[in-house]
Amino acid sequence: MVPLVDQPFHTREWFVSSTERTTSDSQDIDEFGYKPSLVRSLGSFHTFAAGISYISILTGTFQLFYFGLGSGGPAYWWSWPLVFVGQLMVALCFCELAARFPVAGSIYNWTKRLTSPHTAWLAGWTMLTASIVSIAAVALALQATLPELWDGFQFIPMNGDEDTAAQALNGVILASILIVFTTAINAFGTKLMAQINAAGVFIELVAAVLLIVLLAINIVRGPQIVFDTGGIDTSGRPLGYAGAFLVAMFASLYVMYGFDTASSLAEESHEPRKNAPKAILRALFFSFLLGGLILLFALMSAPDLADPAFSSLGGLQALILAVLGPVGGSVILVAVVIAVVVCALAVHAAAIRLAFAMSRDNNLPAGSKLCTINPRFGTPIVSSVAIGVIAIVLLFVTFSPQIYTVVTSIAIIMIYTAYLLVTIPLLIKRLRGQWEPREGAFSLGRWGIPVNIVAVLWGGFMAINLAWPRNEVYNATEPFHWYLQWGGVLLPGIILGGGFAYYWTVQRHKTGVVAEHARVDSAAPTTITTTTPSEETR
């Protein structure tokens with residue numbers, strides 16, 4: 001994610017130099033009852049970089065390759081194009097929304113214009129909590145890479161290679177250190193954040209292309225390997241190999257989301273109605289292309305795919321070291337570490353913008369504090385720190401040997417739920433004939449309804465698949481507990497149910513645009529209402 005320039009962005013005069021610029025900024029967010037308060041400094045490449053750094057090809061493919069291979073064998077590769085097609089349907093819907101409503105906190109504000117303010121709050125809360133869980137899940141990826149580079153990064157002594165408890169605890173420690181870093185950078189270093197993000201995205205893309213070339217040079221088997229199920233035991237499964245494949249899909253489902261970050265930067269981008277839809281599709285397409293080739297050539301170049309190191313936590317990292325040797329492999333793994341750091345920064349920054357969007361509507365506890373921009377650093381320090389602290393607490397609360405799959409699975413469940421809370425209301429609008437895309441902007445035209453239907457069906461089916469209480473996902477090793485097996489249902493249920501109960505009983509009575517961010521002609525906070533896209537939300 002590309003951050004704001006190193007200037008205070010709460011003072012409007014810093015950024016508006018002409019009547020034309022003021023009018024343009026106001027028109028984009030007028031219907032939401034806000035005044036322009038974020039600097040428009042990002043071009044088309046910046047919005048593309050925002051989406052692709054959140055998706056982070058190297059982070060996702062390296063983090064759960066072992067899970068996909070171990071659960072579905074080499075044939076799990078087919079989940080990659082399948083997930084791409086499904087997510088493309090969602091992304092196309094988001095492109096229309098990004099062109100129609102170019103506003104920060106996209107998921108939250110889009111839903112506010114499509115349906116009731118209560119559903120909008122739930123969508124925003126779901127996406128915000130999903131982003132916080134994603135920060136924890138992404139940060140955990142360091143455990144799969146740093147100890148492979150140097151065993152000194154394994155701070156917790158291990159009692160053998162299969163000491164999953166020591167690995168999990170060490171992963172929590174490494175993840176916590178990274179989250180402290182992302183919190184500090186997001187809170188105090190907007191200029192430094194911009195430099196880190198730009199350099200990180202460049203390094204990741206170059207490393208991805210280099211890795212594809214190096215793996216292709218070392219191919220030892222043909223592409224038919226993707227039809228090999230790897231002798232996966234399907235005994236006792238109601239659906240046979242299909243059941244194993246649905247589990248293995250987690251590895252691909254975890255990568256291809258977060259493309260909506262490009263649209264969440266709309267208030268900070270030039271020509272967001274034009275650039276955001278392009279950025280969403282480009283980020284998804286390039287992630288699919290590069291990630292798919294990395295996975296394919298990795299399967300084709302592995303010395304022995306039956307090596308248990310490749311289907312355990314060593315995963316793709318161990319495979320790369322085996323194929324490229326200690327020197328070449330270490331170079332790639334350094335790039336993976338950089339990608340993980342940049343991805344964590346991007347996810348953290350995206351969560352901050354969503355918290356900002358909700359809190360300026362006074363839709364979060366202490367909303368007036370969370371949306372306040374520090375005049376010295378030009379950043380929402382309270383939001384940055386609060387999100388970082390919650391992410392670290394989540395790591396320790398959910399700590400167990402199964403933490404990797406539990407946390408990553410819950411992150412995906414929450415994201416897919418948040419996406420459904422957008423695509424379902426949009427489909428209802430379409431079926432009622434109430435949806436009107438922005439004239440002259442991105443539009444699906446007559447394909448809108450069929451694409452939207454597929455997006456909803458895809459999202460609903462995958463949400464059920466992700467939450468299904470299977471031992472191999474949530475409770476694969478001892479100790480076996482029912483609440484771990486049902487973690488994909490229980491934890492999201494507690495987060496969403498508890499959060500909405502608080503909103504319904506307390507926060508909804510306080511909802512209204514915070515005076516500091518209210519449109520000039522409506523400076524006093526007023527209750528937010530949502531009707532049709534052509535009417536004002538104030």
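1. On a 1 Å grid over the protein atoms alone, a cavity is a set of points where a 1.4 Å probe fits but cannot get out, while a pocket is an open set with protein on both sides within 12 Å along at least five of seven lines. Lining residues have an atom within 4 Å of a point. Grid points are joined across faces, edges and corners, and a volume is the space filled by probe spheres set on the points.

2. This is a predicted model, in which local features need pLDDT of at least 70 and side-chain atom pairs count only at pLDDT 80 or more, whereas totals for chains, interfaces and linings use all residues. Residues are numbered from 1 along each chain as its sequence is written, and side-chain values use heavy atoms, with hydrogens and water left out.

3. On confidence: pLDDT is the predictor's confidence in each residue, from 0 to 100. The protein chain averages 84, and 85% of its residues score at least 70. Residues 1-23 stay under 50, and the model has 64 contacts for them beyond four places in sequence; a contact means heavy atoms within 4.5 Å. Over residues 522-538 the pLDDT is also below 50, and this stretch has 57 contacts beyond near neighbours in sequence. Where pLDDT is low, the predicted coordinates should not be read in detail.

4. On the overall make-up: the protein chain has 21 helices and zero strands. Helices (H or I, at least four residues) and strands (E, at least two) are DSSP runs, numbered from the N terminus. Of the 538 residues, 60% count as buried; buried means under 20% relative accessible area, exposed over 50%, and partly exposed in between (1.4 Å probe, protein chains only). Among contacts in the protein chain with a separation of 6 or more, 82% are between residues 24 or more positions apart.

5. On the second largest cavity: the structure holds eight cavities of 30 Å³ or more. The second largest cavity has about 100 Å³ of space. Its lining includes Tyr54, Gly105, Met127, Asp260, Thr261 and Leu354. At least two lining residues come from each of α5 (106-114), α6, α12 (261-264) and α14 (315-359). Helix α14 gives the most, with three residues. By class the lining has six nonpolar, five polar and one charged residues. For these classes, Ala, Val, Leu, Ile, Met, Phe, Trp, Tyr, Cys and Pro count as nonpolar, Asp, Glu, Lys and Arg as charged, and the others, Gly among them, as polar.

6. On Thr261, one of the residues lining that cavity: Thr261 sits in helix α12. Its relative accessibility is 3%, so Thr261 counts as buried. Thr261 and Ala349 are 88 residues apart in sequence, yet their C-alpha atoms are 9.6 Å apart in space.

7. On the second largest pocket: about 340 Å³ of space lies in it. The lining has 16 residues, and Trp125, Leu128, Thr129, Ile132 and Ile390 lie nearest the centre. The elements giving two or more residues to this lining are α6 (117-139), α16 (381-397) and α21 (487-505). The lining divides into 14 nonpolar, two polar and no charged residues.

8. On two helices of the pocket lining: in α6, 18 of the 23 residues are buried, so this helix is largely enclosed by the rest of the structure. The expected span of a helix is 1.5 Å times one less than its number of residues. For α6 that comes to 33 Å, which agrees with the 33 Å between its end C-alpha atoms. For the 19 residues of α21 the expected span is 27 Å, and the end C-alpha atoms are 26 Å apart, which agrees. Buried residues of α21 include Gly487, Pro492, Leu496 and Tyr503.

9. On Gln317: this residue is found in helix α14. Gln317 counts as buried because its relative accessibility is 1%. Leaving out residues up to four places away in sequence, Gln317 touches Phe62, Ala144, Thr145, Glu148 and Leu333.

10. On the loop between α14 and α15 (367-370): Asn362 lies in this loop, and has a positive phi of about 55° although it is not a glycine. Ala366 is placed in the loop between α14 and α15, and has a positive phi of about 60°, again without being a glycine.

11. On His517: this residue is in the segment after α21. With 2% relative accessibility, His517 counts as buried. His517 and Arg360 are 157 residues apart in sequence and 6.6 Å apart in space, C-alpha to C-alpha.
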